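Colleague: Please take a close look at the salt bridges in this predicted model, and then set them beside the contact between the domains.

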Amino acid sequence: MFTYEMPTKLFFGKNCIAQSGDYLAQLGKKALLVTGHHSAKINGSQQAILDTLQQLGISWAIFDEVENNPSILTVRRAAAFAKAEQVDFVIAVGGGSPMDAGKVIALLCTNEIDDVQLFSGPYKKPLPIVAVPTTSGTGSEVTKAAILTNPHAGTKQSVTDPLLFPSMAFVDPTFTMGVSPVVTIDTAIDALSHAVEGYMSNNSTPVSDVWAEEAMHFIGPHLTELGSDVSYAAREDLMYASTLAGIVIAQSGTTLIHGMGYQLTYYKGFTHGRANGMLFPSYMYLMTETMPDKVERVWDILNLDGLDEFTNIMNKLMPDTIQLTEEDIDCYTKLTMPTRAVQATAYNVTADVIASIYRQLR
Ligand SMILES: [Fe+2]
């Protein structure tokens, strides 16, 4: 048997906030806007939301201090602000970091929980969450997970619960038009890893596979052009794909790439998408052993000859090098082994397998 859950009301397309923003009136009289420091002010998303809130007579408070890979400290500070401002709902605007932070802030507004229970639950219903992505990668606008850095665990960890599905998502590709080539690459590869990992996961379902293949269809044609000028039409494809890939991981979760990648972000500062991309070819090599049919299907859909061509493309997109000591590798392997991501990987993942993949990065 399998289940399928996607309760988020999704609005997709150019100017979707101006066209359909009046749905926000259902959620209350005052909103907390959660963003990073700059990009929401530059890409037009913040203004589009504030214009709509003003028209609807909804007041707002702004928390614009979400950092990359948000910390527990930041979301607690924002939740205290939200409570003092007596907001009715949260609008999270940006890439994965502000959207994930917004979800946890909404949760902390209704739950008095310590840092341990924050990652384990159970939870009371959070404030309603509205997500507005401004990059095409995370898919957080349609997932039930939020990733935080957890210094107690020494890595990134997810807060996961169906209560964290946003009530609404407004997905407008125009907000991604100014995204830099590097971020366009990193986020597109994150989205591709969601589609492919979800497709290969032990927890994949017939329905999630449909969306995974569709997401790959929309990313494939743009793989080699990510580092140059990306047209609106291509940006629309990438955003559609990242949203579909988000729906995939909402069903299946992620696997070894994400499980191992979190360590490269937490300890070595690589962005999430870049960390995933560096591990991607090795993962596909493993999958060739256990899921050859699905791997062939991935190459077909992406219009690639096979793993060698994929590896070449990834090396061009992400020519990063990394210095890992045996001590690093041992530490990262120990952090990765007990994770859900390992359980979900369709391979007999041992500590040796993980260590050898980290070793290949050097
Ligand atoms: Fe991801």
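Modeller: A salt bridge is taken here as a side-chain nitrogen of Lys or Arg within 4 Å of a carboxyl oxygen of Asp or Glu. By this rule the count in the predicted model comes to twelve salt bridges. Side chains of opposite charge can pair when their charged atoms come close. Three of the pairs are described in turn below.

The side chains of D115 and R76 form a salt bridge with an N to O distance of 2.7 Å. This pair joins distant parts of the chain, since D115 belongs to helix α6 (residues 115-120) and R76 to helix α4 (residues 72-85), with their positions 39 residues apart in sequence. D115 has a relative accessible area of 24% and is therefore partly exposed. R76 is likewise classed as partly exposed, because its relative accessible area is 29%.

A second salt bridge brings together the side chains of D186 and R274, with N to O at 2.7 Å. D186 is located in helix α7 (residues 181-200) and R274 in helix α11 (residues 272-290), so this pair ties together parts that are 88 residues apart in sequence. Both D186 and R274 are buried. These two residues also take part in a network of salt bridges that links D186, R274 and D320.

A third pair consists of K268 and D328, whose side chains meet in a salt bridge at 3.5 Å, N to O. Here too distant parts of the chain are linked: K268 is in helix α10 (residues 256-268), D328 is in helix α14 (residues 326-336), and the two are 60 residues apart. K268 is partly exposed, with a relative accessible area of 34%. D328 has 17% relative accessibility; the limit for a buried residue is under 20%, so D328 counts as buried.

A charged residue may also be described through its other contacts, and E213 in helix α8 (residues 206-219) is one to consider. The side chain of E213 makes a polar contact with the side chain of Y199, at 2.5 Å. When neighbours within four places in sequence are left aside, E213 is in contact with Y199, R297 and I301.

The domains provide the wider setting. The protein is divided into domain 1 (9-175) and domain 2 (180-360), and the C-alpha centres of domain 1 and domain 2 lie 25 Å apart. To their contact domain 1 contributes 30 residues and domain 2 contributes 26 residues. About 2100 Å² is buried between domain 1 and domain 2, and carbon and sulfur atoms give 64% of that area. Within domain 1, the residues that lose the most area to domain 2 are S136, K156 and P173, which together account for 27% of what that side buries.

The count of salt bridges between domain 1 and domain 2 is zero. Across that interface, however, seven residue pairs are in polar contact. On the side of domain 1 that touches domain 2, β1 (9-12), β6 (145-150) and β7 (155-160) each supply at least two residues. Strand β7 gives the most to that side, with four residues. By class, the residues on the side of domain 1 that touches domain 2 comprise ten nonpolar, 15 polar and five charged.

Note on methods
Residues are numbered from 1 along each chain as its sequence is written. This is a predicted model: local features need pLDDT of at least 70, side-chain atom pairs count only at pLDDT 80 or more; totals for chains, interfaces and linings use all residues. Side-chain values use heavy atoms; hydrogens and water are left out. Domain bounds come from an automatic or database domain assignment. Contact means heavy atoms within 4.5 Å. Buried area is the accessible area (1.4 Å probe) that two parts lose on being put together, summed over both. A polar contact is a pair of N or O atoms within 3.5 Å; within protein, one must be able to donate a hydrogen and the other to accept it, and residues adjacent in sequence count only if both atoms are side-chain atoms. Ala, Val, Leu, Ile, Met, Phe, Trp, Tyr, Cys and Pro count as nonpolar, Asp, Glu, Lys and Arg as charged, and the others, Gly among them, as polar. Buried means under 20% relative accessible area, exposed over 50%, partly exposed in between (1.4 Å probe, protein chains only).
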